[in-house]
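Got your viewer open? Load the model and follow along, one selection at a time.

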Amino acid sequence: MREIVILGGGPAGYVAASHAAAHGARVILVDPKPLGGTCLNQGCIPTKVLVESCGLLEKVKRADAFGLQLDGAVSADWAALNRRAASIIAMLGQGIERLMQDRRVICMRGYGSFVDANTIRVDDDILRPDAILVCTGSVPHAEPQFNVDHEVIGTSDDLLAWESLPKSLMIVGSGIIACEFAFILDSLGVEVTVLASGSRLMSWADKDISLVMQREMRKRNIQVELNCRVQSLTHTAIGVNAFASGKVVTSAERALVAVGRKPNTDSLGLANAGVLTNGQGEIVVDDVLRTNVPRIYAAGDVNGRSGLAHAASAQAKLAVDHMLGRDFALISDRAIPVAVFTNPEIAWVGRTEEEARADGIAVSSGRFDLRGLGRAHALGEISGFAKVVVDQNTGDLVGMHIIGPHASEMVHEGALVLQRKGKAAELFHTVHAHPTVSEGILEAVEDALGQATHKPLSAGRREANVLQYS
Amino acid sequence: MSCNIPDELRFHTDHLWVKAADNVSEVYIGVSDFAQKRLGTILFVELPRVGETIEAGSAFGTVESHKVVSDLIAPASGEIVEFNEKLRDAANLVNADCYGDGWLVKIRMQDAAHLSMLLTSGDYRALIGD
């Protein structure tokens, strides 16, 4: 029997605990806060609860377009939305606790830190396990010049705790968190301005996805300022001013700073154990999540490899498999899907066309606008597209990029093909149910390989059809 | 499909019209009747802001209908001096009155002589086979 101490009970830590205990390890899970981590308590789950209410609110407001007559007005109640989020968080948190009890995982409420490479202290308790897994996640990061006071200028953690919503909000940042909150708060009636430092939103996403999202924001009257590198935020009598290029670029009642997250390692005493971190404080790990110190592993946001909960869970299982001497499969970061819960949703897996070309892969792409699908019209959500990126020489699927309703559910067929290094033609040969939004993927693959059924005949159809590689 | 192609306007092969404003160097730009009919009910028009420049032959915005999102290709180069704010809440004005209330932008042309190089109504009718 091996004993493992896991620091942090988020999607890396509690999944590692469940997995390790299920395979015979004695597990001690240490977290000062309720289990579930940022994901459950301040991230993925509460924001998705809000996204769902916002989507419903927007649809109800368009009831007449669906042939429904609505008597009376509908409006959002911020306090009630948060009560719903809190009750879902509590229910899911209890579920994790019961899971830990079922596996006989010992949960310790407290801050764990390294005394030396073999020893962990949790308050007055000293632990000397056979292996240690660090899963302490990340925290919002904001430079001092943003003057975060948590009330008027806050991070995502603060916003979710605000008791009321402002009339207007500026969002500094253009990543997943910034974009999700822009749509949420706009739906809730807040005047939103997004200040993006780059030339497009979510600059690492497919560039056409950025364009559609920017158009959707403009449709909703969300102000988007691109190439706007905010130097500082300052308090005023009525709110906040944002300065860029030495002048005030926008003013709002409050500000959300969503410029990134940093590893949560400050109070871990990593130096006592000799665990190496890089410039941003991320714990350096190898392919099986080992640090430079034997028997100390790190999974999830804390190692900086990915900022995604599902990647954290996958890493955690791999780390446990390795420390228990079980069979393991390395994780291909290229096959980890990304889901963004804007309106419309965004999801992708694999490389964009630009990334593939930069990596020296000759690619072709196929695209299908979802407004060509019956289901999209029935849903009343016609904006967006599915795009596939295909290796011209081998026919391998290189990437899948979707913006549209249910994108976060659709992306997994791409993830499946990518993790098995499969061909795009496998998607073409997979009959897709009708009427579904997923038919857009089939059409995009057809478009990449030759001719989409529901697109006008392309003039320059390529002679060498990659279907021949199927 | 019979289309209204007014003789006093100039056209571009990508189906936008150009009309001289009172000031010689300024022109209004809009979507042709042929294009608005082909697009179907227009839901949203994405336009540049005042002060931005557009370049002949390049996309300067998009027009979105139930059927398609289509790039708006600039018929002339110049600087945006005004855009049609009414389209913000009523994009289908482009369907209802493409040569009037449904205009898109007013630009100050880089080269006023460019206007005479655009298609005449007759040329444009021939192009669309009307």
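What follows is a short walk through this predicted model, from its cores to a helix pair and then to a chain contact.

Start by selecting Ile171(A), Val172(A) and Ala182(A): they have the most contacts inside the largest nonpolar core, which counts 87 residues. Next, colour helix α6 of chain A, residues 176–187, since the largest share of this core, nine residues, comes from there.

Now centre on Ile171(A). Setting aside neighbours within four places in sequence, Ile171(A) is in contact with Ala178(A), Phe181(A), Ala182(A), Val192(A), Val194(A), Leu195(A), Leu256(A) and Ala258(A). Then hop over to a second, separate core of 51 residues, where you can pick out Leu289(A), Ile296(A), Ala298(A) and Val302(A), among others.

Next stop: a helix pair. Show α3 (residues 44–61) and α4 (residues 78–102) of chain A, which pack with their axes 9 Å apart and at an angle of about 135°. Angles between 115 and 145 degrees count as oblique, so α3(A) and α4(A) are oblique to each other. The crossing of α3(A) past α4(A) is right-handed. For the side chains, try Ile45(A), Pro46(A), Val49(A), Leu50(A) and Ser53(A) on α3(A), against Leu81(A), Arg84(A), Ala85(A), Ile88(A), Ile89(A) and Leu92(A) on α4(A). That contact divides into nine nonpolar residues, one polar and one charged.

Last, bring up both chains. How many residues of chain A are in contact with chain B? Six, and they meet six residues of chain B. Select helix α7 of chain A, residues 207–219: three residues, the largest share of chain A's side, come from this helix. By type, that side has five charged residues, one nonpolar and no polar.

Technical notes:
Residues numbered from 1 in each chain as written. Chains lettered and ligands numbered in written order. Predicted model: local features only at pLDDT ≥ 70, side-chain atom pairs only at ≥ 80, totals over all residues. Core = buried A, V, L, I, M, F, W, Y, C linked by C-beta atoms within 7 Å. Buried ≥ 20, exposed ≤ 12 C-beta atoms within 10 Å, placed from the backbone. Helix = DSSP H or I, 4+ residues; strand = E, 2+ residues; numbered from the N terminus. Contact = placed C-beta atoms within 7 Å. Nonpolar A, V, L, I, M, F, W, Y, C, P; charged D, E, K, R; others polar. Axes fitted to C-alpha atoms, helices over the stretch in contact; angles between N-to-C directions. Parallel < 35°, antiparallel > 145°, perpendicular 65-115°, else oblique. Left-handed = near helix turned anticlockwise from the far one by under 90°.
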